[in-house]
Structures are given as C-alpha cells and as structure tokens.
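Trainee: Could you take one sheet of this model and go through it closely? I would like to see how its parts fit together.

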Amino acid sequence: MSPFTLRSPSSLDEIGGVPLAGGTDLVPLVQDGLVEASELANIRELLPRGIDGDRIGAGTSLAEIERSPDVPDALREACRLAASPQLRAMGTVGGNLRQATRCWYWRLGFPCYLHGGERCHARDGEHREHAIFGNERCASAHPSDPAAALLALRARVGTTRRTLPLTDLYRLPTDDDRDVVTLERGELILWIEVERPDASAYLKAMDRQRFSFPLVGVAAARFGADVRLALAGVAPIPWLLGSPAELGDAKPLPGTAYKVELADALVRRALDAVATG
Amino acid sequence: MPRLLKTEREVEGRVEESWILVEEDALDQWPAGPLVTVGRPAARVDGRERARGEARYTADVRLPGMLHAAVVRSPHAYAVATRVDLERALAAPGVRAAIGPGDAPGLAAEAGHFGAPVAALAADTEAQARAALELVDVEWDVREPLLDPDEAVARGELHGKPRRHERGDVDAALAEADVVVEAEYRTQTLLHNALETHQAVCEWEGDRLTVYVSTQYIWEVRDQVADELGIPRDKVLVICRFMGGGFGAKNDPGDYTLVAAVLARRAGRPVRCALTRREENIGAGNRNATIQRLTAGARADGTLVALRGEYVCALGWDGWLPSTAGPMQMLYACENVETVEYGARLNTPPMAAFRAPGFVEGVWGLELLLDEVAAKLELDPLEVRMRNHADADPKDARPFSAKNLMECYRRAEPHWERRDDVRSRSDGPWRRGVGLATQIWFGSAAPPSYATVRLESSGRATVGTAMQDIGTGTRTAMAQIAAEELGFPLERVEVLVGDSSRGGYAVVSGGSSTTSTMGPAVRSAAADARRQLIEIAAQRFGVEEGILAVQDGKIVAAHGGSWPVEEVTRLLEHAQIVGKGACGPNPTGMRVLTFGVHVAEVAVDVETGEVRVERVYAVHDVGRIVNPLGASSQVEGGIIQGIGHTLSEQRLLDPSSGTVLTQTLDAYKLPTIADTPPEIVCEFVDRPDAHLTNLGSKGLGEPPIIPIAPAIANAIRDATGADVRSLPVTREEMLRALREAREREPVHTSQPV
C-alpha cells in the first residue's frame, strides 16, 4: 500500500482527493492498490445524514436505516441482512451504492475486462458467485443489498450536480468505459429519495446465515397494482427485473445456473410477501 | 528404573513402531467418576489473563531493535526463478537484509505452487518490508501447472507409493451380496484460519537462538530449527506462552521461522516473520481435497460383506498421505475390504495436518455410503451400524484397550428416536430430518513425555513442562491432575508451559495426544512430590508415613491429626521438593481408539437449498474426562468448525492458473455465530480406559469434528430424499441433489407434502 494523506475539508466544494465516508470498502481498495489515492478526503461530517420523510442523507449509516421505522421494509431488511453490525455502523448508504464488486479476479488485480483488460477471467474460471444477467463482457456481480431495495422503491438520487433515477446511476461496462456507475469525476451522492410503497420486502440467499454478500437478493415493492422487482448479486449492476418472466432471459454461466433457480424461488416469495398489506 | 520398550507411536493416524525409554508407571488408576478436582468442571486457569488481553501471544512479541520480514512469493502455480536480484530491494529505505533461494530452508527457485516462498527481506518497519518486495527482481520460467488430481494419479505424479490394504475377497463377496451401492464422494480443500496467523520472532545472542513462535510443538521446532541451521539443539530456546490456535498446521517450524532465524543472523537484529491473513490462506497448509470412489455390499439384514474404496487425495506440492481409508478398514466388522489411497502431487499449496486429517474425509464417504445401504435395504441406519459393530480391530483382530461405542449408540437412541417428531415439523418448503454418523479416531498416549512438580516453602506447587497449550485448556487440565494427585486445591497449582527450557521432551499438541500423554506424566510427577512431602512430614511429626495423606492442602493422619502443608514446606526454606514423572507406555498388543456418535437435526428449504442445523447431539467415548467444562467446549468447537466445513467453507483456485482466489475471509466463509445450532447437547461415556496409562484418558481434540458432516448430510437425505455427496453443501450442491432426487422419483413419498 502506498502512503496517503487523509484530509478533512471544511466543505464539499474543496475536496481534493478521493472522498471517504464510511471507508468500509474504500480503505481495503486503497490498501490493495485497486483505488489509487494519494489523498483521501474525509467527508463523513459534510454529507447529509439522517432520514427526513422519504429522503435519506447519503451519509446515513446502514445501521441507522436498519433501526428506522420510517423507511420501507425492503430497504430496512436489505440493510439488516448486509455485512456485520460493525460494518453497518460505519458504512454509509451513499457509499454502499458505489461499492465495488467482490469478484475475486477483480479484487486480486487480474487484468480482467472490468480492469480495462481484454477478457473476463470469471467467465472461463471460478464463477459460482457471479452474474446471470448482463454478463457477456464482465460476469461480476454487484454486491449491494440496499441498491436492489432502492431500485425496487423507485429511488431517485441527488448528487452535487443533478438529480437522477437510481436506474440511471448504473450502467454495464462497455469497451469504451469500464465503469459501472454514471457519476462524473468529483460528483458525489448527497441524498436518496424513495417512493412509499403499499408493501415491500427484501429476501436474500447467502452462503451462511449472516455476514455474506448476496448470492441472490430479491427486492419487491408494490405500488397499487404495480409491483417492481429488483435483484442483487445477479449482474454487474443492481438489476431491475421487468417481470418474473424475465428470469427466463437469464444467461447463466455453468457455475451460476443455480442462481436462476434461487432467484425464481425468492421472486415468488417476495411477490407473495407484498401481495397484501 | 527406566525401561527400554518397543511401543507403537501414533500421531495424526500415522503409526510407527519405535524404541522408547519409559519410566515404570507404578500408579494405579484413580477410580472412575468425578474425584475431588479431576472430573469436575473447572474454569480455565488462564481465562482471566486471556480475556483481559494480558496473555502474551507470539503476535504480541516486540523486541528492542526488532526488524520485520516479508516474503517474496511466486505469482505462478509452477515456475522456476531463473534469476533473483536482491540489489534494488537491499537499497530500499529501512531494508537491513535480504535472502534468496537456498539462503534459508524453504526458499527455493523452483516454485511448485502459487505463493511458494522464493526470497525474503527484513526492514525496520513492516510497511518498508512490504514495499521493498516490489523491488526484488525475479525472472520466471513459467511452466504448465498440474491441477487435476485424477490426472496426477494417471501420470503417476504422487507423493510416495499408492497405499493399499486388502483382506478377504471383495469381488466374490460383492457377487453374493443382496445389495451393492456404488458412489463417488468428494470433499473440498479447507483452510485452518487460526485466529493467530503463522509467525515467529527470532533473536540471536552469540551462538544461542531464541525463537518465539506460534506453535503446537515447541520441542520439534527446537530440534528442526537447530538441525536446519546446523547448530546444537540445546542452543535453541523456543517460547510459546499463549497461542491463537493451530488446528494441525503449526506442528513444525515452517519456512517463516527459518527465514526469520536466517535474516536475524544476517542483520544482527531480532526479526519477526508474520504471515498476513492472505498469506495464511495461500501457503500455510490446508486440509486436502479428496475424491472417493466407494462400493459397499451388504446382506438383506444390513450385514456388510464387502467394502471397496479408491481414495484420491489432492495433496498439493507438499504434504503427506493421511489415512483416509482408515475408517473403512477399521470402523466396521467386514471381512472383505480393499482400499487404495493415492497422494496426488499437484501445483497447489501444500497440505498440512488439519484436525483429524484423513478420518474427517474418510468418515464422510463411509458414513454416507452406509446410509445409502440402509436406505436401499429400508433398514434403520442406527441398526445397521450396531449390526456391523466391530468387537476387535477388524484389520488384525487385536483387542481394543476399551471400546464403548455400543454405549454411545444406546445413548444416542433417544435422540435418534426424535426423528418422527422432527420430520412432522416440516413446514412448507422447510423439510426437517435427522441423521447420524459414527466417529472413529486414535487418541492414545504418545510417550515419552516428561513433567516435574516442584513444591516450595510457600506451600504452592509448580508443574514444569516443555509442552504448549494450543488453546484447548491444557494448562487447566494439567493443574487439575496435579492438584488431585497432590491433594491440593486447584488454585495452589501453577502450570508452566510454552518454554523448551522448562522441562524435558513434551508431546505435540496434536493428534489428540496432549491430555493422554502429558496427563500421566504430570500425575506421576505429582505423586513423586506427594510421596516426598509425606516422607518429610512423617519425620517432622514423628509418625509413620503410612498413616499420612494430603487432602485439600492439609496433611492428615489416619488417627485424626491435621496440619496445613505449609507447616512442612516452611521447613524447606530454600530447599525444594521436586517430583519427576513421565508418561508410561501404551498397552502392548491392543488397539487404542476413540469413538462417538453425532445425531444432527436439520431443516432444508427445498426451494432455495438453504440448510440449517437446528440441533446436534454428540456423545464421545474418550476414556476419563478430566475437565467436563473444557471437554464440552472442545466438542462444541469441533461441531461449529465442522458445520463450516459442511456448509460454507471451500478454498477455490482459478482452474487455469492455480491462483488461490479465496484469500480473504469474505471469500473463504467461516461459520459465524448465527450459523451455530441453537442447541448442542454434549455427553461423554467418561469411563477410564483400564489399560491405558495411570490416567485412562484419551484425546478429545479431534474426535468431535469427525462425524458432524456426514451426520448433517444423512439428515438432509432423511429430510428431503436428496443425496448430497460433495462438500461443501452449498446452495448449488443442495439444489442439484434435490433436482436429481426429483428426477429419480418424481413424487417423493417419505415426507408429508
């Protein structure tokens, strides 16, 4: 790890280096040289924090959301089932939306497609945790539970430069741009606004009972007769599922076929869960 | 008088015959059952020190002027370093010494696995050392790695020769069997991940070397380090006061210790070489994966007539072939048995002993196979096991020194009988079931081993040994044994461990041999000290020795007199009573084994493949229990570790490059507290083995991890009708097995739907 300077700017306008809030993902990435940063800017105190009606400050911790009676069930449950209590106390929801994939090839610095290389090593390699959708070029899986919940909740995101639907925050990596988010350099997420559903739920399958990234996470939110479904852990980005039938369009790799079956079961349960109430 | 004896030594299932010098062991065993201190629950004597952070582990050792080492590791699974240039690294800030292939044992130009150590350096800070790694210039001749164990067997790339065992006529017996079951079982590569990573600090003073090391075997570290460095063994002092676990991977000094010793000599400063968590997951040893192709033949009543097993053990670049066929050869009375074991030599990180190596894997295959036989014959799996009980070692008809497996089965019965009730609690997609499996393992004494017990004028006793406490509560058990024999309260006994200068040879904390070996030595040393104390007391009070005893820290006479021990010890002033003791031999001509049964209750979500272990009943037959509290803690720990092995843990490699992919603990999934069963019921037969030493205790460290995986898998079959045959039982394996069961039998009838 190269040494870095940690600064505490007095306003969001003066950020020099890489912004740091909870640091639960960023610090390991810097340690591993996956994010190059000679300077980190601690913006934790500068970010909006807390829950006000339908608006959640980007600096709100997952632990705060998990304990809040004001947020929809899907989001609360997604936070509760994420990580460990220690990580949830530190990690912010804004940072969570931007967390990097757990793909071992990417994390170990293989010259893979997502790192700008020619091919996805996971596709021909070990990929049991990987994607079933959007995986033609890169088979990494997006690890965020809250992102799936927020997608289902028709979230909008406010940044230092614009307001956009959460769906527009994410993009699949392309030959020209390997990033999975559309944020520009220096653009920060400030808040997230959710719509209030009539009912919502988040279900998660993982390798152990707690403290594991989703193999498949399914969020469902019902607005009147309209149910919105979103999935975690199934694509390089949080995945909006237009309808349960779209699971039939999944293109799993040999080692991820089980995720389709898993997603199918969890989607049915999530639909049941939001059917009433 | 010492006797020269021929005895069988067994460590981790490896048996060898050797001459040993043993002291006569004239002590009779204590009566069975709880005594004053032994057999009663005792809190750890060092619990407070550990909980308060006062215990000093190797990871805490910081010596004045100490340097930090970092190791250059191969980025390839198979490559030869044709050039290693240390110049740039040596010129880097803070770097004091650097060594390359051949400069220290373990550093080699031929890198046979990803992460193989090639060079090392030492710097003022750990950050400087790690930064300088980038400056070591290595030119690699990269070769094609061999990663497939079956291919290695086909090519004859093996560690040692295939190991064969044959008795009777398997083909003939299979031809006559009423039922034959053939199946392939697999187990995965597992990583120890002890809390404290492998590490050592080495310091030279003149020609003497002090080694602080996290080890299960300080004596072996002393001998191996001395031999490797070419210095007399008595010039090496090894210290391990407290250690954060080992599970079998810390039985020898390892390259990190030797690297630290060599760098320390070059730099003239103490050197610490500590593996990072990633290095721990790459190159610190593993439980080898297995492929097991097994066949069983049985009569309609469940009697086994033939067993055949081919075991391919994926040992990696280094390692030894553990007895994976041992359970098939020894657990059940079967006349016709044929096994062959291959140790595949692969370009993967080396195997190391891991809590019951071989038997964990072998019992997995055998106990699943047995349940498949029972299922085919529509027999009760517990009855099938009882029917095939071996009354003597089926390999060579040797009598067992003691065997209470039938008692274990009987005790397990009420828990086994819960299964109708458990199944009836199946609810929606959650199917419930019960499974059981038998445990077999070694656990005899492993003499020699020595201890002393010193009484001082304060009236306190100090047990001196050169053993170590791997974290299982050894200090406490030894204190209990000494206190019992001395007639002292527990708090008056101090136990010294973790320093090679504190006693004679002491056994490895491995192979379930610590209590069974050190216990008798400590007891005989305490008996010697007590005898001397009584001799002195008899002279002081002018009475016959024969009427004196020591109870609760007092010398009591048969006629009613009673004096605090201090009244005698005070006379000693600076004189001391030193009792000496040694572990006596194992019984000759007998097989000393441990046994047990686990009954697991599981719930399986048949739509998502989620498996939850809801209850485990465990009963073990390991002779006398010294500390029931420590013993149940061992069993719980073994079960929890085994649940991780069953459901979530697996080391994964990139199939083309051989790179270890699961280097961190988010990828390598140890069980969390949420994965532990809500209920673990733990029992012991607690009957001293009358033929075994003056203590009658066998080892317990390894037995509890042996039967848990097959008990869970058999419960899964009971719950769902699905055969899981590969570990770990991840979602994909569970869903695969469920799919296969549905295809085989579209309507599954053994469960209420």
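**A sheet in chain B**

Mentor: Seven strands of chain B make up an open sheet with mixed pairing, in the order S5-S7-S3-S15-S12-S13-S14. Strands here are DSSP runs (E, at least two residues) and helices are likewise DSSP runs (H or I, at least four), numbered from the N terminus. Two strands pair if DSSP finds at least two bridges between them. The model is predicted: local features need pLDDT of at least 70, side-chain atom pairs count only at pLDDT 80 or more, and totals for chains, interfaces and linings use all residues. Residues are numbered from 1 along each chain as its sequence is written, while chains are lettered from A and ligands numbered from 1 in the order in which they are written.

At the edges stand strand S5 (95-99) and strand S14 (236-239) of chain B; each has a single partner strand, so one side of each has no neighbour in the sheet. On average, neighbouring strands are turned by 20° against each other, direction ignored. Axes are lines fitted to C-alpha atoms, for helices over the stretch in contact, and angles run from 0 to 180 degrees between N-to-C directions.

Edge strand S14(B) pairs with strand S13 (residues 208-213) of chain B in the parallel sense, over four bridges. There, Thr210(B) stands opposite Leu237(B) of S14(B).

Helix H7 (residues 254-267) of chain B packs on the sheet and touches S3, S5, S7, S12, S13 and S15 of chain B; contact means C-beta atoms, placed from the backbone, within 7 Å. The direction of H7(B) makes about 30° with that of S12(B). Helix H3 (residues 126-133) of chain B lies across S3, S5 and S7 of chain B, at about 25° to S3(B).

Terms used: Two residues are in contact if their C-beta atoms, placed from the backbone, lie within 7 Å.
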